[in-house]
Amino acid sequence: MKVHKTLVAASTVLAVSLTLYIAQAIASDTTSSNWTLLVSLAVSLVAPALLVLVVLRIVVVVVRRRSPASGLLPTHEQPVPRAAASDLTFRGRERELRLLLDRHEEQRRALAQPEAGARPRRVPAKILIYGPPGVGKSELGRVLARRLAPHYDTVISVPMGEVGLPVEPGKLLGTMLDKLGYQSSLQTDPGERRNMFRSVTDGKSVLFVFDGARDADQIRAVMPSEPRCGVIVTSRFNLGSALEAKPLWLDVPDEAEAAEIIRAYLPAAERGHFDEVAEVAALCERLPMALRSAAELAAEKEGGLREVKRHLDKPSKRIERLARHGNIGERIQTAYDTSLTPPAQQALQMLALLETPTFVPWALQSLLDITPQQANELIIELADTSLVDALSAREPLSPQPDQSGFPRFRLSPLVRVFLSSHPDFLGEEEQRAALGRLYSASVVGVERVLRALGEITSPPAASTVQEYWLPSPTGWEHKVAANAEHWVRLELNLLVEVVLTAHEQGQDEVCWRLASWFCDRVTAEVNHKRMALAFSAALVSAERSGDTLAVIRVRRSYGAFLLVAEQYLAAFDQLYTAASLAEAAAMPLEQARLCHEAGHAWQRLGCQGNARDDVRFAELALARQNDERLAHRVRLLSAEIQARSELEQWHVTGPGPGNDQPRFQELIVLADACVRRGSWPEADMYLAQAEQECAEEPARSAYLYSRYVALLLRKKDAEPGSGSLLTPEEPALDIAADGAGQIPHAEEDGTAGQDLVAAAVRYGERAVAAARRFGGIGEIRARVVFAEALLASGDTATCEVQLNKATTVADCQPVRFVQVQQAELNRVRGMLDLQSGRPQVAIDRLERALQAFIQQGDAWCQARTRLFLGEAYLSQAQRDKGLARLYCALESFNACKDEPNARRARKLIEES
């Protein structure tokens, strides 16, 4: 464009000069002036010279366009095309991509339209992505570049390192100039290349992808100054403050996205093996690079995923076997050897001893016997390498890591595996000494927190713990006490060891009081055997104290823990023993709490009669000593039991007394009630709140995901024109053929039945993945709801596999606690038989399910089963029996205002 403008200007000047010259020649001597003659002569001499320069410039441009090094801006640089084959296997990261696209748009808008009075900034739009090795930063950067490509004239990708070493800025500038179509060999000085690069990009619209940046200086040296340009930077390090941009911390994908990544590389025959996919994803710690390696190994090996899992079960060989697409072990080794000082290397090894998923910096003070200042310096050094993750930088895609306001960090599980197999790892004696200091310091710390809570008033016990092993911030114990429940969840595994250590040291009050705080917190990393030992020690300490309330509190806490883990036999033993003690000691409020807890457990099992009995005992106890908050929760549970057994609809709006917000159990009850009456937005709201309550708790998460499946399938059934069991939806998601997609929340699902079924399948898969960690009744429930979602999608083969696995688990459980789950199994099997063309078998199974629901007093499940039975009888031309079941179901649905199911029943009656 500039060439054309110069040519036009020169031509204009030449024309003017020639006109003046001719005019002067034909004019008379008397009318001529000397100055006109001089100007005409000068112009006539300059114009041809300008014309010659323009012609030479055009020749140079033509030569460059024909040269092999050309890459002028109207074309696109090939390493980051707009569409690539890798898009076919890229999965997930939609939340991250949406966030980064929004940030890019905001920056471009701000640069193009600065605020009134503000000086225009000569900087490009900057997108920063950082995180640990193998997490998928480079691939996310490439996909983001393809999404942003339409906004730019060209996209250029530049690797910032080679074999662990950074590329010099001069070489980087030369590479970019070459890709832009300019011969960098003409300038060898880095400073001159820098000036040439800025000149070349001035006024241009280029998107640069700087992959694997080592530090901020490396980026500054190659940063364009043109506001129309854009820069995507991926790095292991947080360069946000240095580059004046908000970075995105990239964590590993969630379980569902990890499973999708594996399926993207698996042959079709392996994609439906949900359990094996989940197991392999867990062994890969959900790192995308490792997931891809494992999937490709499974595609090549004869045993498939099972064989890969067998190899990955050995931690010492795991990193080596996952090195197919970039050696993660080498990357960690390089960072360990080149980026860490010896004290930082020792600190990293000490952190590998911690069994909690996250930690605070002062853990190093006791582990290494160092001061708070030394610990902070080491943790900063470790965080700068991304071998230790600073969780406070993970927003906005993750919740606040520590509600007390303390910085919290995490050690990658694969880094932990790498360190444990390192030849210079700590010896056993050194490990015992370090952990001994940590546990003893933690006992003193917990005692101070309990004093801040007002639970301990006796003088502190003598201790050999050094004061500098404890947290240094003033008033730290009060901050922890203000968020005690949250702190217990974060530090649960460490606190289990603190209970055992306090018991060994004879500090009984610290021991039993701390154990009474554990209650229903079951994190993914909790060691159930150590937890059982801790509760046993706490019971002994409580009994030694001679305080009946202490024994009741420990038993209630233990019972609540067992209920979340769905170990009902042991849980009821603890709860009912504690209730008897409370009744004998005339403690009606404690008795009411225990009976309410037991009633919730029975209701969760589907045993409405047992649940009703325990709720009545709670109501009688509250009549002797009232507590309005507890009474509100008891009334809520009683209303839900009444609705399930006698089909009386109910509504609860707003928080409880004293603005008391419902907890996880109450939120699930509220959501179930909304699902029955078809209030989808309310149901999803309660489930979303429950999801926040159970973060990082697989047992609760499994139960929550099963409720999401119920919500989505009920919402699908409520769709106008929803098909019967004999004419199901077209397969909404063929997992064996295509695993693509994001698990949406209910409000994101739209109204299409296929979308709802697809989401239900994914939530069902998540439920099974979480429940398998604990087994038992939770796993049965998860597999049954997953099977129902698969059946709705038309995948009858995988549905049957899940039902068979659920049956195997149910056969190992006490019959008393699995009666409702067995009934649900028969109901879904009956639906499967009906859809598979076995109506008589379906009728037999559904009749057995109906009798079980009648025995347990669950009228709503009875009505649903009668609906399916009516359809089955009609398919067998047994019209009278079919209509009898349908009319009975319709009456029940009308009674509880379940309009979606009532509409379905009316439709079947009309069609008969």
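1. Glu285 sits in the loop that connects α10 (274-283) to α11 (288-300). In this predicted model, the phi of Glu285 is near 55°, a positive value in a residue other than glycine. Most residues other than glycine have a negative phi, which is the reason for listing the backbone here. Glu285 counts as partly exposed because its relative accessibility is 22%, and the limit for a buried residue is under 20%.

2. A second loop residue deserves the same attention. Ala877 is placed between α38 (859-875) and α39 (879-895), in the loop. Although Ala877 is not a glycine, its phi is positive, at about 65°. With a relative accessible area of 69%, Ala877 is exposed; the cut-off for that class is over 50%.

3. As to the overall make-up, the protein contains 40 helices and ten strands. It has 912 residues, of which 54% count as buried. The exposed surface of the protein is about 39500 Å², and carbon and sulfur atoms supply 53% of that area. Where contacts in the protein join residues at least 6 apart in sequence, 71% of them link residues at least 24 apart.

4. Helix α40 covers residues 899-911, and its length can be checked. Its 13 residues, at 1.5 Å a residue, should span 18 Å; the end C-alpha atoms are 18 Å apart, so the two values agree.

5. Which residues of α40 are buried? They are Pro900, Asn901, Ala902, Arg904, Ala905, Leu908 and Ile909. An α-helix has 3.6 residues a turn, so residues three or four places apart point the same way. The buried residues of α40 pack against α31 (680-693), α32 (698-717), α38 and α39. Of these partners, α38 and α39 are also the helices on either side of the loop that holds Ala877.

6. The largest nonpolar core has 222 residues, and Leu348, Leu364 and Phe518 are those with the most contacts inside it. Helix α34 (residues 776-793) gives the most to this core, contributing eleven residues. A second core, separate from the other, consists of 28 residues, including Leu173, Met196, Phe237 and Leu239. In soluble globular proteins, nonpolar side chains tend to be buried together.

7. The surroundings of Phe518 can be described in detail. Apart from neighbours within four places in sequence, Phe518 is in contact with Val488, Leu492, Leu495, Val496 and Val499, and also with Met531, Phe535 and Ser557.

Conventions:
Residues numbered from 1 in each chain as written. Predicted model: local features only at pLDDT ≥ 70, side-chain atom pairs only at ≥ 80, totals over all residues. Heavy atoms only, no water. Helix = DSSP H or I, 4+ residues; strand = E, 2+ residues; numbered from the N terminus. Buried < 20%, exposed > 50% of the residue type's maximum accessible area, 1.4 Å probe, protein only. Contact = heavy atoms within 4.5 Å. Areas by Shrake-Rupley, 256 points an atom, 1.4 Å probe, with all protein chains shown as cover. Expected span 1.5 Å × (residues − 1). Core = buried A, V, L, I, M, F, W, Y, C linked by side-chain atoms within 4.5 Å.
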